[in-house]
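Hi,

Here is the structure I promised to pass on. Have a look at it first, and then read on for what I found.

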Amino acid sequence: MKQLTAFSLSLILIFVVFATGCETFCGKCYCETYDARSLPLNDTFEMKFGEVYCNGAERIRIAFDSLYGDGRCPIGVYCVWEGNARVHFTLEDKKEGTSEFILNTSGGLLTDTTIHGIVYELINLDPYPIVDVDYKQEVYTATMLISH
C-alpha cells in the first residue's frame, strides 16, 4: 500500500511540474499565455500599433506602443529634409526582463538596435503623412526585421 502511495505522489508531482512549468519548458505555451500575434525572426513583417507579438523559441514579446510624433515631410509639401518619426517599443525578454527603445524612420538617426543578441530594425512606417491629414496612432503599422 505504501508503494502505491509513493508511486501516486510521484505521478502527482510530475503532473504539477509539467502543469506549472509549461511556460518554462514550452515556448509555444509562453506565447499562448498572452494574447499575442506570431513574431517571425529573420524576415520582415508588419507590426500594428498596440498589438503584442511573441516568439516562443526566443521567449520574447514586443509591442509597438507609442509614436512620438511623425515629423516626416508630408506628401504635397516641399521639404529640405526627409523628416523623422520616432517609434517606441516595449520588449519583454523572459531571460533578461523588460526593455524599452525608440527607433527612427530617418536613416541619419538610430533605425535599429541590438538587445541581448537580437537585432530590432525599423524598415518602414505607414501610413506616410499627407499634408492636412491627421492620423491617429491606432492606424500606424511598423515594418520590422528582427533577427539574430
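About 9,100 Å² of the protein chain is exposed, with carbon and sulfur atoms supplying 57% of that area. Bear in mind that this is a predicted model. Of the chain's 148 residues, 35% count as buried.

On the outside, one thing to look at is a nonpolar surface patch of about 440 Å², made by Ile75, Val77, Tyr128, Ile130, Val131 and Val133. Ile75 sits in the loop between β4 and β5.

Now the overall layout. I get 3 helices and 9 strands in the protein chain, and the order along the sequence is α-α-α-β-β-β-β-β-β-β-β-β. As for contacts with a separation of 6 or more, 46% of them come from residues 24 or more positions apart.

Five of the strands make an open sheet: its 5 strands are ordered β1-β3-β4-β5-β6, and the pairing is mixed. At the edges are β1 (37-38) and β6, each of which pairs on one side only.

Going through the sheet, β3 (residues 52-55) runs antiparallel to β4, and 4 bridges join the two. Cys54 has Arg61 in β4 as its bridge partner. These two strands, β3 and β4, form a hairpin with 4 residues between them, and Arg59 in the turn has a positive phi of about 55°. It may be worth a look when you step through the backbone.

On to the next pair: β4 and β5 are antiparallel too, over 8 bridges. Two positions to find your way by are Leu67, which stands opposite Val87 in β5, and Asp70, whose bridge partner in β5 is Ala85.

Glu100 is a handy marker in edge strand β6. Its C-alpha atom is 5.7 Å from that of Phe89, although the two residues are 11 apart along the chain. Leaving out residues up to four places away in sequence, Glu100 touches His88, Phe89 and Thr90. So is Glu100 buried or exposed? With 58% relative accessibility it is above the 50% cut-off, so Glu100 counts as exposed.

Then the interior. In general, nonpolar side chains in soluble globular proteins tend to be buried together. Here the largest nonpolar core has 25 residues, and the ones that touch the most other members are Ile62, Phe64, Phe89, Tyr120 and Met144. Two or more residues each come from β2 (44-48), β4 (60-70), β5 (85-93), β6 (97-104), β8 (118-126) and β9 (141-147).

What does Met144 contact, neighbours within four places in sequence aside? The list is Asp43, Thr44, Phe45, Met47, Phe89, Leu103, Tyr120, Glu121, Leu122 and Ile123. Phe89 and Tyr120 in that list are also among the core residues that touch the most other members.

Last one: Thr141, in strand β9. Its relative accessibility is 15%, which is under the 20% cut-off, so Thr141 counts as buried. Not counting residues up to four places away in sequence, Thr141 touches Glu46, Met47, Lys48, Phe64, Asn124, Leu125 and Asp126. Met47 turns up in the contacts of Met144 as well.

If you want a place to start, I would take the core around Met144, then go out to the patch that includes Ile75.

Cheers

Terms used:
Residues are numbered from 1 along each chain as its sequence is written. This is a predicted model: local features need pLDDT of at least 70, side-chain atom pairs count only at pLDDT 80 or more; totals for chains, interfaces and linings use all residues. Side-chain values use heavy atoms; hydrogens and water are left out. A nonpolar core is a set of buried Ala, Val, Leu, Ile, Met, Phe, Trp, Tyr and Cys residues joined through side-chain atoms within 4.5 Å. Buried means under 20% relative accessible area, exposed over 50%, partly exposed in between (1.4 Å probe, protein chains only). Contact means heavy atoms within 4.5 Å. Two strands pair if DSSP finds at least two bridges between them. Accessible areas come from the Shrake-Rupley method with a 1.4 Å probe; for residues, only the protein chains shown count as cover. Patches are made of residues with over 30% relative accessible area and no salt bridge: like charges are joined within 9 Å, nonpolar side chains (Val, Leu, Ile, Met, Phe, Trp, Tyr) within 5 Å. A salt bridge is a side-chain nitrogen of Lys or Arg within 4 Å of a carboxyl oxygen of Asp or Glu.
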